[in-house]
Amino acid sequence: MSYSNIYFIGIGGIGMSAIARYYKFKGCNVSGYDRTRTELTDRLEAEGISVHFEDRPELIPADKDNTLVVYTPAIPEDFGELRFAIDRGYRVIKRSRILGEITAGQVCLAVAGTHGKTTTSTLVAHILTESGVGCSAFLGGISKNYGTNMLCDHSRTVVVEADEFDRSFHQLHPAISAITAMDADHLDIYGDHAHVIEAFKIYASQVSETIILKLGLPIRKDEVTARIYTYHRDDPRADIHGSNIRLQSDGHYVFDLVYPGGVLSDIKVGALGMVNVENSIAAAGICLCHGVDAQKIKHAIGSFEGARRRLDLHFNAGGMTYIDDYAHHPEELHSAISSVREIYPGRKLTGIFQPHLFTRTRDFAPEFAKSLSLLDKLILLDIYPAREEPIKGVSSEIIFKDVTCPEMVLLDKEALMDYMQEEKVDVLMTLGAGNIDQFIEPLTLMLQNRLK
């Protein structure tokens, strides 16, 4: 059934806002609620989508037979607008369900994995757009090439980020999917790593044509109906892999792509970091299987600027460098910090990290400490709670006590900018998935002012 009105409870989230933009493109009347005004909600309003910031059930369109209500799992069950919509008989569904309905009947290209999926899916969408093949895309971050998390096209191809949170990806049935990683995460939902792996195996069984699988991940060919091609950054045992990888003086990598159809030489990676060599290989694998011309893939990887908050370079002048990254899992921190170390060897690397969620901090405190110990200096902030209530005995201190880097300080978020005014910066990183992004602009401005 089609609806004239689509109402979003939690419209300002990165995934929800992409779906809102899609329905606006399709000509629907789109509106919704979010808790706080952000740059993203401002952009939605500028695009003609009505957004409000108070719990006001009367703003849900009155015509319930012509209105679909979509909500994010971050919304509490007793939230007034949600209760109103359910009690009055509106059709009310989760974000993951609507994404499954949108992609059904289209050619779905997906990227799943506990990390790497945002950049890789954004690159897949860029390759398809740049090559002229075309796609719509629902992205988990803001593409720096296009300035949005939603690409709209009349093509039957749709690119999505297959999110394991809340088992959302079980609503998807892609034709082709990459699976980048299956690390333990979201243990508040899954309980243990074994259940995370089980969830990925269920997802993999729903892929109809081809899986581009990171070499070594525990999915066997007899567990799926799709054919499997393995990929790896540089392991020649993988069906698709990089070789002759070299770092150029401008900080970008160049590599040769070895795949079942031949070798694609001298691919320059437009996005920074060794991690984006691997992301490029996964994205290329999807696009090759989708029939995109190899030379067009090479060109698009070179023009790819990345996604915001993924090794995002904000300042690089006067002997000072500042990079922001969304890393919020120990493996992501290890990857981001190691990538920056390789680009800027021999320089002092300072990281400001804001842990995300009490449960994740509790479940991975030793692993966080190990990854953060790769820094020369750590500035550790308080935990960003997001959807969670505090847990007794869980604070940033349980990470801090095991960090071994040469310099370290535990700091309240409110004291950060005063502290940084006195801090000598060589290479600086902000890291985390909470509201640490509110410091990007002031930190960049601070560094600019030091050049005056």
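This passage describes a sheet, its neighbouring helix, two unusual backbone angles and two nonpolar cores in a predicted model.

Ten strands make up an open sheet with mixed pairing. Their order across the sheet is S8-S7-S9-S6-S10-S11-S12-S13-S14-S15. The edge positions are taken by strand S8 (148–151) and strand S15 (262–268). Each of these two strands has a single partner strand, so one side of each is left without a neighbour in the sheet. From one strand to the next, the twist averages 20°.

Within this order, strand S13 (residues 240–247) and strand S14 (residues 253–259) are paired in the antiparallel sense, over five bridges. Gly242 has Leu257 of S14 as its bridge partner. Helix H9 (residues 294–303) lies across S14 and the edge strand S15. The direction of helix H9 is at about 20° to S15.

Two residues stand out by their backbone angles. Most residues other than glycine have a negative phi. Asp266, which is not a glycine, has a positive phi of about 55°. Asp266 is located in strand S15, which is an edge strand of the sheet. With a relative accessible area of 43%, Asp266 is partly exposed. A positive phi, near 80°, is also found at Leu357, again a residue other than glycine. Leu357 belongs to the loop between strand S18 (349–353) and helix H11 (358–372). The relative accessibility of Leu357 is 1%, and because buried means under 20% relative accessible area, Leu357 counts as buried.

The nonpolar interior was examined next. In soluble globular proteins, nonpolar side chains tend to be buried together. The largest nonpolar core in the model has 76 residues. Phe8, Tyr23, Phe138 and Ile179 touch the most other members of this core. Among the contributing elements, helix H1 (residues 14–25) gives the most, with six residues.

The surroundings of Ile179 can be listed in detail. When neighbours within four places in sequence are left aside, the residues in contact with Ile179 include Ala112, Phe200, Tyr203 and Ala204. Ile211, Ile212, Leu213, Lys214 and Leu217 are also in contact with Ile179, as are Ile219 and Tyr231. Apart from the largest core lies another core, of 40 residues. Leu123, Leu257, Met274 and Ala283 are among the residues of this other core. Leu257 thus appears both in the pairing of S13 with S14, as the bridge partner of Gly242, and in the core of 40 residues.

Technical notes
Residues numbered from 1 in each chain as written. Predicted model: local features only at pLDDT ≥ 70, side-chain atom pairs only at ≥ 80, totals over all residues. Heavy atoms only, no water. Pairing = 2+ DSSP bridges. Helix = DSSP H or I, 4+ residues; strand = E, 2+ residues; numbered from the N terminus. Axes fitted to C-alpha atoms, helices over the stretch in contact; angles between N-to-C directions. Contact = heavy atoms within 4.5 Å. Buried < 20%, exposed > 50% of the residue type's maximum accessible area, 1.4 Å probe, protein only. Core = buried A, V, L, I, M, F, W, Y, C linked by side-chain atoms within 4.5 Å.
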